[in-house]
Amino acid sequence: MDLLEYQGKQLFGKHGLAVSDGKAVTTVDEAVAAANEIGYPVVVKAQVLIGGRGKAGGVKLAANEEEAREHATNILGLDIKGHITRTVWIEHASDIDTEYYASVLLDRSAKKPLVMFSIEGGIEIETVAEESPEKLIRFHVDPLVGLTKEDAVKIATDGKAADDVIDGVADALVALYTVWIEEDASLAEINPLIITPDRQVKALDAKVTLDGNAAFRHPDHADLGDKANADPIEVKAAEEGVVYVKLDGNIGILGNGAGLVMSTLDVVAQHGGEPANFLDAGGGSDAAKVKQAVEIILSNENVKAVLFNIFGGITRCDEVANGLIAAFGDLKPTVPFVVRLDGTNDVQGREILENAALPNVFAAKTMDEAAEKVTALAKENS
Ligand code: GDP
Ligand code: MN
């Protein structure tokens, strides 16, 4: 889960990184009130899950109430690369002497946390990595030991941070690593990490991704993320514990097991079809869960045909067939379904479906046949 800047900054502050206090607001009047309370100059910042807000006009300094109103008016509703700004963060503006860069992420090939640091901050780090790789320090951390202050001082020194801020930068790196570990983040990035004219080290921006697999350890994370811009179908699916990702096409997909669902997407695409979603009903899907999944798939109005691709292992095909029948009874779908049942109790499953004689349901024996059929039906129905 990606966090908005101000949410990331709250986690930073919790672990001792210096950030500016501020307020997240959703209307112009609230923005002006917040700016008046915080005291000028303030910075008005679009809260969207995309970088490069500054260049897109989503980060503006305001010296007085009039400017705060003007910037909040322009930024609320602003479209930044397809992300509509619904929240702005107002904080007291910082004076900047220098902009550095710092991040912690997981290096999967090294199987270790990776700390990155550069004195070339404020610009995209990919550009630094490409044009002056010697200015990007990469330091692998032994996860059993963690990032020590000594390590952090070495990183700051190797990165040629100014002598008088080596200690402050090192403290910031240790704090950032603590955020990464304690909050179960997969990415914690600060760009820019600023040095103020009075030599304070401060996080001016925050990019944090939390590892959803650790959500059970962090009930306090439940309210985070970009709720206002989340896809309502994905939110509903997540609440019901269904693994669902919305896609751009018109063929609803249900399978059991992530690998099977991914190959189903591929096979449908090979036949010229465009999947409308990824949905993994999981192992051992019972009738109730199948019905729930159908409801989620059909709540996407782009869906013109649905493909059920079930390989029964733990999941029993007769249970899936009964789930589909229950779903049809309640939901009365108007789009055709293609169903491929294979594996545990597949013969019974197909028999149940045949006896139920659901309108607009087609059985297929193989995945290829199913993909071809559903692609043709989606085209007919569009
Ligand atoms: P991004 O463009 O999405 O990465 O947004 P940032 O939060 O990194 O802000 C972009 C740039 O705006 C920064 O690199 C700064 O140069 C500038 N900026 C942001 N906040 C302040 C501030 O408090 N004071 C000053 N002087 N500049 C700021
Ligand atoms: Mn930034």
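**Ligand 1 and its surroundings**

Let's start with the ligand. The space that ligand 1 takes up is the largest pocket. Keep in mind that this is a predicted model.

Which elements give two or more residues to the shell around ligand 1? They are β2 (42-46), β3 (59-62) and β10 (185-195). In total, 15 residues surround the ligand. The closest are K45, R53, G54, S94 and E99. By character, the shell splits into seven nonpolar, four polar and four charged residues.

Now the polar contacts. K45 comes with a polar side-chain atom 2.6 Å from an oxygen atom of ligand 1. For E99, again a polar side-chain atom, the distance to an oxygen atom of ligand 1 is 2.7 Å. G52 uses its backbone: an N or O atom there lies 3.4 Å from an oxygen atom of the ligand.

How much of ligand 1 does the protein bury? Taken alone, the ligand exposes 560 Å², and the protein buries 78% of that.

Next, the domains. There are three: domain 1 (21-92), domain 2 (98-221) and domain 3 (231-381). Which of them give the shell at least three residues each? Domain 1 and domain 2 do. The C-alpha centres of domain 1 and domain 2 are 26 Å apart.

On to the backbone. I have two cis peptide bonds to show you. One joins Y40 and P41, with omega about -5 degrees. P41 sits in the loop between α2 (28-38) and β2. Strand β2 is one of the elements that give two or more residues to the ligand shell.

The other cis bond runs from N191 to P192, and its omega is near 10 degrees. Where is P192? In strand β10. Strand β10, too, is among the elements with two or more residues in the shell.

Then phi. K160 is not a glycine, yet its phi is positive, about 65 degrees. Look for K160 in the loop between α5 (149-158) and α6 (166-182).

Last stop: helix α7, residues 232-239. At its start, a side-chain oxygen of D231 reaches to within 3.0 Å of the backbone nitrogen of I233. Just after α7 comes G241, with a positive phi of about 75 degrees.

To recap. Ligand 1 occupies the largest pocket. Domain 1 and domain 2 each supply at least three residues of its shell. K45 and E99 bring polar side-chain atoms to ligand oxygens, at 2.6 Å and 2.7 Å. And the cis bonds to look up are Y40 to P41 and N191 to P192.

Technical notes. Residues numbered from 1 in each chain as written. Chains lettered and ligands numbered in written order. Predicted model: local features only at pLDDT ≥ 70, side-chain atom pairs only at ≥ 80, totals over all residues. Heavy atoms only, no water. Near = heavy atom within 4 Å. Polar contact = N/O pair within 3.5 Å; in protein donor to acceptor, adjacent residues only side chain to side chain. Areas by Shrake-Rupley, 256 points an atom, 1.4 Å probe, with all protein chains shown as cover. 1 Å grid on protein atoms, 1.4 Å probe; cavity = no way out; pocket = protein on both sides within 12 Å on 5 of 7 lines; lining within 4 Å. Sits in = over half its atoms within 2 Å of the grid points. Helix = DSSP H or I, 4+ residues; strand = E, 2+ residues; numbered from the N terminus. Nonpolar A, V, L, I, M, F, W, Y, C, P; charged D, E, K, R; others polar. Domains from an automatic or database assignment.
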